[in-house]
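Biologist: I would like to go through this model with you. Could we begin with the part that deserves caution?

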Amino acid sequence: MIQEFYASILSTLFGPVIRLVYIAAVIILPIILARAFWSNWVTYVRAVFLAKQKYILLELRLPKEQLKSPLAMELFITSLYQTGGEGTRYDKYWLGGMRPWFSLELVSIDGRIRFFIWSRERWKSVIESQIYGQYPEIEIAQVNDYASGIYFDPEVINMFACDFKKTAASHIPIKTYLDFGLDKDPKEEFKIDPMTPVIEYLGSLRKGEQVWIQIMIRAHKKERTHPDWAWYNPSTWSNKPVGWEHDAKADIKKRMSRDKKPKEGEFNIAELSMTKGERAVVEAIEHNLSKIAFDVGIRAIYIAKKEVFNPGSLAGMTGSFKQYNSINLNSFAPTNATSVDLPWQDWRGIKVPAMKRMMLGLYKERSIFYDEFLPGGYKQNVFVMTTEELATVYHFPGSVSRTPTFERIGSKKAEPPANLPV
């Protein structure tokens, strides 16, 4: 009788718990395992896909006279909007297909300034034909990767690296070349090119100093949540794919809700129309929506031999994008910097060197878009920029940039290849 009594008590107390454990084991656990398997499968097939790719680095050598506005670069960047390779679920989840991304790079080695484009080898002819189409006098050469031979050895070199982020929502634009009047093709002596400060800074570096700036781009698409990097907005309350225009349109609607006309015979100060500044922001967002959009990640590295390392050069690098900032619109700010705010955050001297090695490795791999290939603890900073914004921060400056170390070719050595695709 006593044993039956205790058994009934135990059954009453622990019966629900046992049933919950059973449900978890039979239903919930398989779901968790299935999700883990799926995530690892996608990572595996993508890794296999990437291992099969060949990559190239093209150097763009500018002529002495470059008179085209950044619109030419915008048209070229538009041609890099490539969404192929992951069009079907078979391509994406069985073959590991990933739409291509490109890296637009601006580099200074010992003060010598160079422009590069990194991509998969299969896109070489497309890049060449589109560049030649916009800049017939330019010279393109496939070169070895300048970053491949650099390794972080704290006994020999010192370095600083950071990413850049937009300080406001992606759909709000930065100051673009239209704001600087470069769309009107003014004479060289009247041009105000926002890239000139960057070129001057890069040209001021001394022997033994290097600064690398890479702008990684890929076509922006509507996305779902993991395993893909997602432009996911929880306000949709669904796993429905959404893109950057979702937030942009919602923001416009919110701002426009203030633009109310008072009823006849009534006046309510709370319902005054939008200010001129607010209306300008809405117009800027609407203009931005008319452009092609890319997912973007920006990274910069300063490397120097220990004996010539100049802390003052760091301000020039982190401030390379300040001229594009706008109080009313958007701005760039450094993030993921390889430093700590307080000494005791790295009291053993291990954290900062590890961060530097990680950022150097990410730069070499041109890696930022896929979480599964990023080191643990690294928070990617991917945002959206339109072709107009990208052409503002990466274009070929005219003769208004007279930095002595900015080498330009005297004349083209050869005409563009005749068999380039159109």
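Modeller: This is a predicted model, and over residues 225–238 the pLDDT stays under 50. Where pLDDT is low, the predicted coordinates should not be read in detail.

Biologist: How many contacts beyond four places in sequence does the model have for residues 225–238?

Modeller: The model has 41 of them for that segment.

Biologist: And what does the pLDDT average over the chain?

Modeller: The average is 80, and 78% of the residues score at least 70.

Biologist: Now the overall make-up. How many helices and strands are there?

Modeller: The chain has 10 helices and nine strands. Of its 422 residues, 47% are buried. Among contacts with a separation of 6 or more, 79% are between residues 24 or more positions apart.

Biologist: Let us take strand E5. Why is it described as largely enclosed?

Modeller: E5 spans residues 157–166, and eight of its 10 residues are buried, so the rest of the structure largely encloses it.

Biologist: Which strands does E5 pair with?

Modeller: E5 runs antiparallel to strand E7, residues 293–305, and eight bridges join the two. E5 also pairs with strand E8, residues 332–335, in the antiparallel sense over four bridges.

Biologist: Which residues stand opposite each other in those pairings?

Modeller: Ile157 stands opposite Lys305 in E7. Lys166 has Phe332 of E8 as its bridge partner.

Biologist: On to helix H9. What is its span?

Modeller: H9 covers residues 351–365, 15 residues in total, and reaches 21 Å from its first C-alpha to its last, close to the 21 Å expected at 1.5 Å a residue.

Biologist: Which of its residues are buried?

Modeller: They are Val352, Met355, Lys356, Met359, Leu360, Leu362 and Tyr363. These residues cover an arc of only 160° around the axis, which means that they lie on the same side of H9. An α-helix has 3.6 residues a turn, so residues three or four places apart point the same way.

Biologist: What covers that side, and what comes just after the helix?

Modeller: The cover of the buried residues of H9 includes strand E2 (101–109), E5, strand E6 (209–219) and E7. Just after H9, Arg366 has a positive phi of about 50°.

Biologist: You mentioned E6. Is Gln210, which lies in that strand, buried or exposed?

Modeller: Gln210 has a relative accessible area of 14%, so it counts as buried, the cut-off being under 20%. Its side chain makes a polar contact of 3.0 Å with that of Trp212.

Biologist: What else does Gln210 touch, beyond four places in sequence?

Modeller: Its contacts there are Ser108, Ile109, Ile150, Leu205, Ile301, Tyr302 and Ile303.

Biologist: And Ala219, also placed in E6?

Modeller: Ala219 is buried, at 0% relative accessibility. Beyond four places in sequence, Ala219 is in contact with Tyr81, Gln82, Thr83, Arg99, Ala293, Phe294 and Asp295. Thr78 is 141 residues away from Ala219 in sequence, yet the two C-alpha atoms are 9.4 Å apart in space.

Biologist: One last element, helix H5. Why is it called largely enclosed?

Modeller: Six of the eight residues of H5, residues 196–203, are buried, so the rest of the structure largely encloses this helix. The buried ones are Thr196, Val198, Ile199, Tyr201, Leu202 and Gly203.

Biologist: What covers them?

Modeller: The cover includes E2, strand E3 (112–120), E6 and helix H8 (312–318).

How values were computed. Residues numbered from 1 in each chain as written. Heavy atoms only, no water. Buried < 20%, exposed > 50% of the residue type's maximum accessible area, 1.4 Å probe, protein only. Pairing = 2+ DSSP bridges. Expected span 1.5 Å × (residues − 1). Arc of directions from axis to C-beta. Contact = heavy atoms within 4.5 Å. pLDDT = per-residue confidence, 0-100. Polar contact = N/O pair within 3.5 Å; in protein donor to acceptor, adjacent residues only side chain to side chain.
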